[in-house]
Amino acid sequence: MTQEELFKSLIAHAKEYGFIFQSSEIYDGLSAVYDYGQLGAELKNNIKKYWWDAMVRLNENIVGIDSAIFMHPKIWEASGHVGAFNDPLIDNKDSKKRYRADVLLEDYIAKLEEKMDKEVEKGRKKFGDSFDEAQFRATNPNVLRNKSKAEEVSKRMNDALRANDLDALKQLIIDCEIVCPISGTRNWTDVRQFNLMFSTQLGSVSDESGTIYLRPETAQGIFVNFLNVQKTSRLKIPFGIAQIGKAFRNEIVARQFIFRMREFEQMEMQFFVRPGEELEWFRKWKETRLKWHKAIGLGEEKYRFHDHEKLAHYANAATDIEFDFPFGFKELEGIHSRTDFDLSQHQKFSGRKMQYFDPETNESYIPYVIETSIGLDRTFLAIYSSCYCEEKLEDGEDRVVLKLPAFLAPVKLAVLPLVKKDGLPEMAREIMKDLKIDFNCQYDEKDSIGKRYRRQDAIGTPFCITIDHQSLEDNCVTIRYRDSMKQERIPVSELKQIVGDKVGFRNVLEKI
Ligand code: GAP
């Protein structure tokens, strides 16, 4: 099965089992907006808890807030979002389809790279064991021609984007002879900038003065509350403010399921430090955040840093933590050293002092900020796509299993009476009544035990407990482990401890 086919099955699975639904599906859906179903909401809540506990509970100098989505419109002028939170757009006049100019060019570059890879595969087949890929790539004329073309296009695109030269972007699309994937024509409009913020009107005012925005990031809610939190918490620098919440962006190219959405959730933390100490803290947060990701247990090789060479004007260091999604390595989290840019801008636009008095140095200054910003939905996708497995069992049967880390699994254990009679359901209900206070449990008595196991495997339940006739006599049950499918008999009195040890957050939080 190709990665693309696997990704399609995963999306179908997420719908079939109540993890993720297309928003407004009965009205044919709303593009790039998704609803989390009954199991998706549980998994999402567990991810949030893991992040919140790691940030807020484990760090005495980090507190969490929950600021409003609507904010004063001047905030978005101060932050630069009104002026510069844009994507360059181009329309095809025949298909009437709209594209991001830079994405059209990136796709063109990706095609050149695919051509190079195909050429290398041809070489590998031709030369067999003696094939030297590095030498082939350095000498094959077709590979070299495509490589130099890709480099040239990439350079021209980056130069045009940096200089905000929209004519140059259009010229590059024409020079590359890029056609619209729908109409197949090169009948393009000019490139225009398109602001990604959604706007709406406040109250009854319908002129421009009433325009407010749905926040495109949660970070600004932290910046504008910086002094409120500092004064009421009496925290001293260095300290952090964390927040989890919705953000909205009118993404033009919305694709790859929940990877790029128009309404999504972020988990952001701003860490306020003394000017001059920010790069040391930047390094520390890079390390800490990578540890957090690796402790989930999806495989260390799935993560890599992508340090930014070209920095935004307000940053003096930036990196992305990239994850190996089914469609390749892509950004999962951004870590930025944002200097004092945001607080200074708010001081300027609001006219209020955003300074901190440092009792250790007897100085007042605007703190510098390290930001860690991770997409909750992207983390969901990273976990879901890594844990989704289609297996062929020894007996030839197929099984779909979601090998979720136990602490994140939506349902921790299933309680299953072997048959629907002879007092087994009653005993199972008694066990369920006790365990559901500690864990999210499911009771299931319908269908054969094999079918019930499969249903639980498919939603990632780490433990199934089966109650049989002997249980009535010896008060023992069979526990079945999802991944190994091994079964063992244990006393009911030990259930809470065995399951609790595995599904608790302690094991994971101790690693970071
Ligand atoms: N405050 C900084 C900030 O918002 P960003 O790189 O634009 O930085 C941070 O976003 C993270 O939010 C990204 O790494 C990504 O995980 C997530 N994210 C951004 N846009 C998204 C979208 N349209 N859909 C889903 N997640 C998104």
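**A tour from the ligand outward**

Select Gln266 together with the ligand, and a polar side-chain atom of this residue will be found 3.0 Å from an oxygen atom of the ligand. Bear in mind throughout that the model on screen is a predicted one.

Keep the ligand displayed and add Glu251, whose side chain places an N or O atom 2.9 Å from a nitrogen atom of the ligand. Then add Glu371, where an N or O atom of the side chain is 3.0 Å from a nitrogen atom of the ligand. If you now turn on the surface of the ligand, consider that on its own the ligand has 560 Å² of accessible area, of which the protein covers 91%.

Next, widen the selection to the 18 residues around the ligand, among which Glu217, Arg249, Met261, Glu268 and Glu331 come nearest. Colouring this shell by residue class gives 9 charged, 5 nonpolar and 4 polar residues.

Which strands should be shown as cartoon behind these side chains, given that each supplies at least two residues of the shell? They are β10 (263-273), β13 (328-337) and β16 (368-375). Of the contributions to the shell, that of β13 is the largest share, at 4 residues.

Leave the ligand now and select helix α2 (residues 38-57) with helix α13 (residues 376-387), which pack at an angle of about 110° with their axes 10 Å apart. Because an angle of 65 to 115 degrees counts as roughly perpendicular, the two helices α2 and α13 are described as roughly perpendicular to each other. To see where they touch, show the side chains of Gly40, Leu43, Lys44, Ile47 and Lys48 on α2, and on α13 those of Leu376, Asp377, Thr379, Phe380, Ile383 and Tyr384. The residues of this contact between α2 and α13 divide into 6 nonpolar, 3 charged and 2 polar.

The last two stops concern the backbone, so it helps to recall that most residues other than glycine have a negative phi and that most peptide bonds are trans. Go to Pro238, which has its place in the loop between α10 (226-233) and β9 (239-248), and inspect the peptide bond that leads from Ile237 to Pro238, which is cis, with omega near 5°.

Finally, centre the view on Ala32, in the loop between β1 (20-22) and β2 (34-36). Although Ala32 is not a glycine, it has a positive phi of about 65°.

Definitions and conventions. Residues are numbered from 1 along each chain as its sequence is written. This is a predicted model: local features need pLDDT of at least 70, side-chain atom pairs count only at pLDDT 80 or more; totals for chains, interfaces and linings use all residues. Side-chain values use heavy atoms; hydrogens and water are left out. Axes are lines fitted to C-alpha atoms, for helices over the stretch in contact, and angles run from 0 to 180 degrees between N-to-C directions. Angles under 35 degrees count as roughly parallel, over 145 as roughly antiparallel, 65 to 115 as roughly perpendicular and the rest as oblique. Contact means heavy atoms within 4.5 Å. Ala, Val, Leu, Ile, Met, Phe, Trp, Tyr, Cys and Pro count as nonpolar, Asp, Glu, Lys and Arg as charged, and the others, Gly among them, as polar. A residue is near a molecule or strand if one of its heavy atoms lies within 4 Å of it. A polar contact is a pair of N or O atoms within 3.5 Å; within protein, one must be able to donate a hydrogen and the other to accept it, and residues adjacent in sequence count only if both atoms are side-chain atoms. Accessible areas come from the Shrake-Rupley method with a 1.4 Å probe; for residues, only the protein chains shown count as cover.
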